Each structure stands twice: as structure tokens, then as C-alpha cells.
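Work through the exercises below with the structure in view. Each task is followed by a solution in steps.

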Amino acid sequence: MSAPAAPSRRALLWARRRAAWGEFARTYAQNRAGLFGLAALAAAALTALCAPLFIDSAELAVTGGPGGRFEAPSGEFWLGTDAFGRSVLAMVVWGARISLTVGFLAAFVSVALGTVIGILAGHFGGWSSNVLMRVTDWFLVLPSLVVAVALAAVMERSTLTIIIAIGVTAWPATARVVRAQTLSVEARPFIERARALGGGHLHVMKRHVLPNVMPVVLAQTTLLVAEAIVMESTLSFLGLGDPSTISWGGILQEARNAGAISSGIWWYMVPPGLAIALVALSFTLCGRALEGVFNPRLRERR
Amino acid sequence: MTRSATAAAAPPEEPGAPGPGAAPGGPSRAARVLRYLGGRLLTAVVSLVAVMVTSFFLFRILPGDPVRAMTEGREVSVAQLEELRRQFGLDKPLWQQFTDYCLGLLRFDFGTSYQYRVPVAELIAERIGPTVLLAGTGTLVAALLGLVLGTRAAWRRGSAGDRATTAVALTLWSVPSFWLGLLLIVVLASGAGWLPGLFPTSGMSTPGVQGGFASAADVAHHMVLPVATMVAVVYAQYLLIMRSSVLDEMGADYLTTARAKGLRDALVLRRHAVPNALLPTVTLIFLNLGRVMGGVILIETVFAWPGLGSLFYSGLRVPDLPLVQALFVLFASAVIVMNLLADLVYPLLDPRVRT
């Protein structure tokens, strides 16, 4: 049927994808705050990845601190040293690894859960959807910090526990958003066409609904990572984190326990907090920029 | 329902609608309202029951033997341990503990705290005041600040002021509240460098202070930093919601009409745009009120504020099962009740969802 010179299906697909991507990048670039967030995140991720290249992890052990106790910032230790003589700068850089990992994984867990439940609830109407949404609502009602604290206290102290605690408490919001989006996608004619051609539930959900809710999910993930990073630091600060790893919240907890607050040792507690704030802010800015790209109504309003 | 008051609050949407009660669907509307109320109430009750069950089983998995924790540091005989176990009902099978717990909850009897050896209800009664004071003041200030700033930002959208307001709010929102609290303590309370300690570092009152006005002023003095911390972290969401809902109303025809009547800009904003834009924000405030209870844990821990949050945190460590269970139920039911209120209040505020 098609003309002989027509490009192959694959080439067409790629051309379409490239065009969509170009359009996306152009729209995103119009949001200056979003660009700033992206740049800051790239820098943070790069630092976290390269940390082992210029930091000797032996110097981060409690017993291996190269400096004296609570040294003020100097040429050797740019951000001073902590209670064990470790360089605060090195600790903060190293902490980025745990904090970013936990943030990403926790956001991934909760978004995956929320997406599956949201699509299922949106696709299959009726009582099963009702039950799913009731469960979602119920989780939404539980005060997330209290639940996360309780979960983290109940399970053994490890990074995995923190990821689970955050993932389990953060998914309901995603589920709600995804369900709403699924309902609106399923009302469109191409779903009817897919059904008429014999597409089963799985086919419709996987090939048609999922790609169409993906943009929403992506924006939601970015916003959730920010939340997860703050939550991780909160749990570590409350002493529920893994004591053997270095995370931003953990450093703050140590600083507080070492009396840095009342003796005014600002270099111990200011950098980790700033790092949390900067990374969380960057994720929020990126998430808002993404929302703006995917939701033209929002963009217009700016 | 108080329909007349509602109609006054949101005038523009149904100008030509027949008077209340005159609609042919009168009785069926009442039935619908009842159905709606019943549904919401049922959901809330189911949620409450689920919370109670979760609370019991969640904390049973906590590591640590409560009886050991109670006798920490003292030499005790096996017989004494057994006696304690019996006294707190820990020797009974789990299902019996569970039924005792459920029956107790119905009578507002939460059992006896392992840690303090007093009824949990008494502890809660003693600590709930400070928490409500802190959370209430914080929410009030944050909501007002968010509403005012959000409205102004939306009204002058795109201006330098709008961008600055939004940027500051987003930045503060990203800051972990406990860190902000610590920072405030270092800068304003510990007396770092040339700055004197302006505010107390912790607690709610100075021991020696007596007399009505003096002690109220003392408590207010202690509250400044915790409330400031809470407001700084929370107000951003009110601001963003208010900003976007005012923006939503900006394009509406009734605003053009109001302007065409020759109303001044400020009046258009105050009388027409804001009342309509308030709806989503008010709901959010209600929804957050319960959530704030949980968030207060952190701030109370940082400032050693004698409230429920610090009580919960100290209870987790023991683990003081009756105390932690009761507080968990309390926090969650605060959210449930606030959600219910938001659901019930919303149709009263917004005639558009009432049908």
C-alpha cells in the first residue's frame, strides 16, 4: 500500500522521536529555573560519582581522621574538621553518594508502586478500583513522617530500611495522579480502536496507557526525589539511619550530638544542610519545569 | 444547610439559578447530601479502625523487650520480671492483648506508659496543649503569610517581585526543617560571635517566671524560633496554591465584568478574585492541619518543646508500646478528622461541587 520510497517504519519512528525530543528540549530550556536545577543536579551527581577519585575513604573512618578535633576552616581543610578530625568537605562530598542514591531509589520505589496501582485502578473500573483507591486514600491519610519514623524504628538500621520507609509512605500521591491521567487517556478514541482490534488489558495498559502517563510520572518522580532526600536526612537526623554510612542527615546528627550547635561550630552543621537544600531545590525546580513542559496550561500561566 | 451564607461567599457562578429550595429536585438533593455525608463518615470510620489495628501490630514488631527497658540498670530477679510482665499484661497471648487494647481505646483508656508509669491518657492531656499551641500558631501564621504573598505574586505575575517571592518560598521549602531550626538556634539563641542570645534555645518556659502576663510573654518568647522554623518550611505550599488559584481566576469573565463596571483594581482583587481563589487553599489548610501534627515531631525534638512530638520520639526508643500506639492513633486520627472536615466544608464553600 505505501509508496516504495517511504522510509522504513523504524526510521520514521526515530525521526518522530528526535523531533519530539527537540521540541521538549526547546520548551524546557525556556524555563531558566529549570535549567539552573538541571545544571546543579548534574554537578552534584558528577561530584558524587567522582568522589572516590580524590577522597581516600580511609580518612572518613572515625579513627582515621587526618586533622585535629574541630579545626576551623583553613587552607588544608576548606570546611574545617569534625569531632573525629575528619574533613567536613570530604564528608559532605561523600554523603552525596548515599543521599542521592537513597533519594533516587526511594522515589523509584514509590513511583513504581504508585504507577502500577494508579494504572490498575484507572483501567479496571468498578469495585476493584474502588478498593485500590480506598487503600490509597488510607495511606494518604497516615502522617507520612510518623509512619516512616515508625517503620525505620521497627526494621533494622540500614539504608535499605530508609528506602523502604520512604517508598512505602510516598506512593499514594503518585497513584492518585496516575489514576486521573489513566482515566483521561482511556477516554480517548485510540484506546477504543486498540480494543476493537483485539488488544487485551495488558496490551492496552502497557502499549497505550503507560507511554501516555509517563510524562506525568516523570515530573512526579523528580518532585518526589526532592522529598525523599529531605526525608532521608530527617530519618538519619533522628538517629534512624545506618550508623556505618555517611549521609547528610547523619552528619547533622553527629554535629548535634557533638555539641556543635551550642558551641557555635558552624562549619560542621552548615555545609550538609546547604547541600540538602540545594539538591532538593534543584529537583523541585526540574520537576516544576517538567510539569510546565508537559502541561501547557501551566506554561501559559507563568 | 446554610445555603444563604454560601451563596454570598461565591456569587458569580450561578447568577440565574432559581432560589434555594425552589429547584424541582429539592428532596433528592437532600438525599444526595445525606448520602455524601454518610459516605464520608463511613470512610472516616473505616480509616480509623484500620489505623487502630495497624498501630497495634506495627509497634509489636519493634525490637527490644519493654520489660528489660523498664528495669534498665537495675538488678532484677526473674520473678520481678515476671511480675512486671503480668502487671502490664505482656504475659497474655497476643490476641488477648489486642482485644484489651481495642476495648481500652473505646473507653479512651490507652493503658499505662512503661516509661513514666502513669496512664498514657494523662501524659497526652499534659502534653497536647503545647503541641496544639505550637502547631496552631505556626499554621495560622503560615497560612496568612502564604495567602497574602501568593495573592500579591499572582496579581503581579511575571514581575521581579513575583519571581523573588516564589524563589524564596521554594528555597525555604527545600530546606530540612530541623536544620533550619538548628541554624536559628546557633545564630539567634546560642549567641554566636557578636550577636547576643536573643531567644531561648529550648523548652517552653523559664522555671522561675510567675504571674499571668509575665509567663505568657515568656512562653511567647520561647515560641518565636520554633514557630518561625515551622512557618518558613510550610508557607511555601500555601503560597504556591494560592498563587496558582488566583491565576486560574484571573482569566475569568466575571473579573472583566467587574473591571468594566469601573471597579478599582484592588477592589476587583479583594471582592471578586480572592474569595473564589480561596477555596482550594482553604481545603489545603484543613488537609495540612492534621499533617502538621506529625511534622511537629521534628521541631519539638530540635527545640526540646514539651509536646506530643517529643513524647512520641522518646517513646519509640524504649519502646513504650502503649504510649507510641496511642500517639500514632492520635496523629492519624487528627489527619482523618481534618480530612473529613475538609470534605464536609468544601461543598458548603463551593456551590459548584454541591450538585
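**Exercise 1. Determine how many helices and strands chain A has, and in what order its elements run.**

Step 1. In this predicted model, chain A holds 11 helices and zero strands.

Step 2. Read from the N terminus, the order of elements in chain A is α-α-α-α-α-α-α-α-α-α-α.

**Exercise 2. Describe the extent of chain A, its buried share and its contacts.**

Step 1. Along the principal axes, the C-alpha atoms of chain A fill a box of roughly 80 × 50 × 35 Å.

Step 2. Chain A has 302 residues, and 46% of them are buried.

Step 3. Take the contacts in chain A between residues at least 6 apart in sequence: 70% of these join residues at least 24 apart.

**Exercise 3. Find which residues of chain A UniProt lists as "transmembrane region", and examine two of the stretches.**

Step 1. The unreviewed UniProt entry gives residues 98–123, 135–154, 160–178, 209–230 and 265–290 of chain A under this name.

Step 2. Residues 98–123 of chain A are 100% helix and 0% strand, with 37 Å between the end C-alpha atoms.

Step 3. Residues 160–178 of chain A are also 100% helix and 0% strand, and here the end C-alpha atoms are 26 Å apart.

**Exercise 4. Work out how H8(B) and H9(B) are oriented to each other, and what their contact consists of.**

Step 1. Two packed helices are described by the angle between their axes and the distance between the axes.

Step 2. In chain B, helix H8 covers residues 177–189 and helix H9 covers residues 212–250; they pack at an angle of about 140°, with axes 9 Å apart.

Step 3. Angles over 145 degrees would count as roughly antiparallel, and 65 to 115 as roughly perpendicular. H8(B) and H9(B) are therefore oblique to each other.

Step 4. The crossing of H8(B) and H9(B) is right-handed.

Step 5. H8(B) contributes B:Ser177, B:Leu180, B:Gly181, B:Leu184, B:Ile185, B:Leu188 and B:Ala189 to the contact, while H9(B) contributes B:Leu225, B:Ala228, B:Thr229, B:Met230, B:Ala232 and B:Val233.

Step 6. Sorted by type, the residues of this contact of H8(B) with H9(B) are 10 nonpolar, three polar and no charged.

**Exercise 5. Describe the side of chain B that touches chain A.**

Step 1. Chain B gives 34 residues to the contact and chain A gives 30 residues.

Step 2. Elements of chain B that supply two or more residues to this side include helix H2 (26–60), helix H7 (160–174), H8 and helix H11 (265–303). Helix H12 (308–317) and helix H13 (321–349) of chain B are also among them.

Step 3. On this side of chain B, 26 residues are nonpolar, seven polar and one charged.

How values were computed. Residues are numbered from 1 along each chain as its sequence is written. Chains are lettered from A and ligands numbered from 1 in the order in which they are written. This is a predicted model: local features need pLDDT of at least 70, side-chain atom pairs count only at pLDDT 80 or more; totals for chains, interfaces and linings use all residues. Axes are lines fitted to C-alpha atoms, for helices over the stretch in contact, and angles run from 0 to 180 degrees between N-to-C directions. Helices (H or I, at least four residues) and strands (E, at least two) are DSSP runs, numbered from the N terminus. Angles under 35 degrees count as roughly parallel, over 145 as roughly antiparallel, 65 to 115 as roughly perpendicular and the rest as oblique. A crossing is left-handed if the near helix is turned anticlockwise from the far one by less than a right angle, and right-handed if clockwise. Two residues are in contact if their C-beta atoms, placed from the backbone, lie within 7 Å. Ala, Val, Leu, Ile, Met, Phe, Trp, Tyr, Cys and Pro count as nonpolar, Asp, Glu, Lys and Arg as charged, and the others, Gly among them, as polar. UniProt positions are given in the numbering used here, feature names are shortened, and annotations may be inferred rather than shown by experiment. A residue is buried if 20 or more other C-beta atoms lie within 10 Å of its own, exposed if 12 or fewer, and partly exposed in between; C-beta atoms are placed from the backbone.
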